[in-house]
Amino acid sequence: MVGGKVVYGTSWLSNSYENSSRSGFSELEAFAQYQFLRNDRHAISARLSAGRPALLHPDAQNSSSQDGADIELAALYGSNVVRHPIKVFTAIETGYRKRIGSSADIIKSQATVGFEPSSHWIFLVEGFSTISLRNENLGGADYDLIKIQPSLVFRFNRRWAIQAGASQDISTRNLAPGRSYFISLWSAF
């Protein structure tokens, strides 16, 4: 499977010192994914992706890295835990992201629990972690981030879906913790 991701966001900052906003792309990425195993219970795959750092961090914070490119190799595992009366599934992903530029390489992980009460609705609870290898060059980004993200997905059909949710930073290093809200449009071809 091949695919891509384009995410555009707006960041609002409000504190006792300033009020400002900034808009821009937060994710620009293309990937190729190969599935090694898939049955009615489990799925295992690997993904190779490439992208470029963008104006905003994926949480709509100003990015501390806009140079070079990123290449990531990730392993993914998914499982159908319960199938009836409500489908419950889990997924985990972990990957190494090589940053070609001055920013530190990172280890990224994601864990998802999903509840699918009908063919149109999915409730997701996701956890994300980004851990720096602290090998940045002068001026490069070096941060850690752990966040949780609940969301609701409505599938119009097999091809189109809309997702809405929020994310909350649980732990950060070299980033100001924050909260973000999002609306996403999914498409499959």
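Modeller: Contact here means heavy atoms within 4.5 Å. The model is predicted.

Colleague: Leaving aside neighbours within four places in sequence, which residues is Asn 137 in contact with?

Modeller: Asn 137 sits in the loop between β7 (121-132) and β8 (144-155). One of its partners is 36 residues away in sequence, yet 8.1 Å away in space, C-alpha to C-alpha. With neighbours up to four places away left out, the contacts of Asn 137 are Gly 101 and Ser 102.

Colleague: Is Asn 137 buried, partly exposed or exposed?

Modeller: Buried means under 20% relative accessible area and exposed means over 50%. Asn 137 has 48% relative accessibility, so Asn 137 counts as partly exposed.

Colleague: What is the accessible area of the nonpolar surface patch that includes Ile 107?

Modeller: Ile 107 belongs to strand β6 (residues 106-116) and is partly exposed because its relative accessibility is 31%. The other members of the patch are Tyr 96, Ile 131, Leu 133, Ile 146, Ile 148 and Ile 170. Together with Ile 107 they have an accessible area of about 560 Å².

Colleague: Which residues form the largest nonpolar core?

Modeller: The core has 5 residues, and Leu 124 is one of them. Leu 124 touches residues beyond four places in sequence, including Phe 89 and Val 153. The full set is Phe 89, Ile 122, Leu 124, Val 153 and Ala 161.

Colleague: Which residue in β3 stands opposite Ala 30?

Modeller: Strands β2 (residues 19-38) and β3 (residues 42-51) pair in the antiparallel sense over 9 bridges. A hairpin of 3 residues joins β2 to β3. Opposite Ala 30, in β3, stands Ala 50.

Methods. Residues numbered from 1 in each chain as written. Predicted model: local features only at pLDDT ≥ 70, side-chain atom pairs only at ≥ 80, totals over all residues. Heavy atoms only, no water. Core = buried A, V, L, I, M, F, W, Y, C linked by side-chain atoms within 4.5 Å. Buried < 20%, exposed > 50% of the residue type's maximum accessible area, 1.4 Å probe, protein only. Patch = residues over 30% accessible without salt bridge, like charges linked within 9 Å, V, L, I, M, F, W, Y side chains within 5 Å. Areas by Shrake-Rupley, 256 points an atom, 1.4 Å probe, with all protein chains shown as cover. Salt bridge = Lys/Arg side-chain N within 4 Å of Asp/Glu carboxyl O. Helix = DSSP H or I, 4+ residues; strand = E, 2+ residues; numbered from the N terminus. Pairing = 2+ DSSP bridges.
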